[in-house]
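Subject: Structure handover

Hello,

Here is the structure I promised to pass on. Please open it alongside this note; my findings follow below.

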Amino acid sequence: MSRLPSSSTTPRRMRVLAAAALTAMTAMSVAAAPAAAASGLDRTAKATQHDPADELRAELDEMRDEVKDAKRNRSNTPVQKQLDNLVKKHKFPAALATVQGSDGKTRYYTAGVGDLKTKAEVPVDGQVRIASNTKTFTAVTVLQLIGEGKVKLDEPIETYLPKLIRGKSGDGRKITVRQLLQHTSGLPNYTRWMPNVFDVRNRYRSPQDLLKIAFAHKASFAPGKKWEYSNTGYIVLGLLIEKVTGQPVGDAITDRIIKPTGLRHTYWPGKGVKTIRERHPKGYGSRKPGGKLIDITNLDPSWGGAAGQLIATPSDLNRFWLALMDGKLLKPAQLSAMKKTMKAPGFPAGWEYGLGLMKMPLTCGGVSWGHGGDIDGYETRGGVTDDGRVATVAVTALPATEPAAMSVIKAADTALCAKR
């Protein structure tokens, strides 16, 4: 079993050290960073008089105090009620959320326990596997290449990856980059035929391995004729990124999105890496819906690849959504193309899909833009509104029932709609 990293060894220490070294930059990103980070920046003038480990401990203590204050003084707030309901009624081991209002103030919420065995507290803003939210990072990278003139949106994928797609599963000469991004390629979804995760949790799978699974089956429909969610299309897009950039897809996403956006707690697990790097709640799964929960925190996420491999904190995911919608990652033409949506059968009523991006109606009016992700051990929901409200809710097991799944969505909706 994995052990949660101690506060003295976690990479969050680097944030405190960076703050002390970059006093002149204290105005940057304070609104989107934890309140404790702002306090750490305020102390930079005295940084040379303190042990950096003390700075780190103080920062973490402040974050914990904020959550305790939330539970004590805001236990009746809509967001905390929703998280408590996820744990008490739907039996998720833990729920955590990071919510930033249009005023720029960030609030943190937790419920349940971070470890069913030890009953350890849920780490505030802890790292989780963000699964299919990875698709938006992949899509942004492809759209950046389109903005640079290196890829064309409506060009057949054959142009860039000749002879990759042939046979009964589809024809790369007839499938465009746009269709891969919006799930209208017709490529069969390889995850339908994946073995039980408990049987393959330690097995590495290359993109070619995943495509082999998919290409053993017939195409779901002719390209462009229907919409159907397909992880396979994003594995192909990962190979496209590698071919055009000359980098592994994880490196390209890191260099183009993670580093420039300042996502300090987001990373692509390398080959063979099964653990989660920083403070995190343990993730749980069961061999069958409703069965006994088993620790599934550590697994090889390579089966997700460019469709679902990333790890991040809720606050980092929020920062990503804000940067994307603020036009900091894409040129206007590519962002506009990304936001052109179509109906997404099989998803909740009113949800639509663009190019690696979902548009989801809110009960308070308007919509949120985001994605969501499901992987054994973790589920995430959330997004950003047009007026800059942003929230991410995570639970530490996949929903066992439809009501449980809808309750996670309701929690995200509440986080984006509730008055603070």
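Start with Lys119. This residue is exposed, because its relative accessible area of 55% is over the 50% cut-off. Lys119 sits in the loop that links β2 (106–112) to β3 (128–129). Its phi is near 65°, a positive value in a residue other than glycine. Most residues other than glycine have a negative phi.

Lys163 is another case. Its phi is also near 65°, again positive and again not in a glycine. The loop here runs between α5 (134–147) and α6 (177–182). Lys163 counts as exposed, since its relative accessibility is 66% and the cut-off is over 50%.

Now the overall picture. Please keep in mind that this is a predicted model. Mean pLDDT for the protein is 87, and 82% of the residues reach 70 or more. Treat the start of the chain with care: over residues 1–50, pLDDT stays under 50. For that stretch the model has 80 contacts beyond four places in sequence.

The protein has 13 helices and 13 strands. Of its 420 residues, 57% are buried. Take the contacts between residues at least 6 apart in sequence: 68% of them join residues at least 24 apart.

Two pairs show such long-range links in space. Ala131 and Gly305 are 174 residues apart along the chain, yet their C-alpha atoms are separated by 9.3 Å. Lys328 and Thr261 are 67 residues apart in sequence, with 8.4 Å from C-alpha to C-alpha.

Is Ala131 buried or exposed? It is buried, because its relative accessible area is 3%, and under 20% counts as buried. Ala131 is in the loop between β3 and α5. Beyond its neighbours within four places in sequence, Ala131 is in contact with Ala307, Gly308, Gln309, Leu310, Gly373, Asp374 and Ile375.

Lys328 is also in a loop, between α11 (314–325) and α12 (332–338). Lys328 is exposed, because its relative accessible area of 65% is over 50%.

Next, the interior. In soluble globular proteins, nonpolar side chains tend to be buried together. Here the largest nonpolar core holds 84 residues. Phe137, Ile157, Val177, Leu181, Phe320 and Leu324 touch the most other members. Leu181 is worth a look. Apart from neighbours within four places in sequence, its contacts include Ala139, Val142, Leu143, Leu153 and Tyr234. Leu237, Tyr353, Gly354, Leu355 and Gly356 are also in contact with Leu181. A second, separate core has 22 residues, among them Phe92, Ala95, Ala415 and Leu416.

Last, the largest pocket. Its space comes to about 1,300 Å³. Which residues lie nearest its centre? They are Asp374, Ile375, Glu379, Leu398 and Pro399, out of 50 that line the pocket. Elements giving two or more residues to this lining are α7 (197–200), β4 (284–285), β11 (373–375), β12 (378–385) and α13 (402–417). By type, the lining divides into 25 nonpolar, 18 polar and seven charged residues. Two names come up twice: Asp374 and Ile375 lie among those nearest the pocket centre, and both are in contact with Ala131.

Best wishes

Conventions: Residues numbered from 1 in each chain as written. Heavy atoms only, no water. pLDDT = per-residue confidence, 0-100. Contact = heavy atoms within 4.5 Å. 1 Å grid on protein atoms, 1.4 Å probe; cavity = no way out; pocket = protein on both sides within 12 Å on 5 of 7 lines; lining within 4 Å. Points joined across faces, edges and corners; volume = space filled by probe spheres on them. Helix = DSSP H or I, 4+ residues; strand = E, 2+ residues; numbered from the N terminus. Nonpolar A, V, L, I, M, F, W, Y, C, P; charged D, E, K, R; others polar. Core = buried A, V, L, I, M, F, W, Y, C linked by side-chain atoms within 4.5 Å. Buried < 20%, exposed > 50% of the residue type's maximum accessible area, 1.4 Å probe, protein only.
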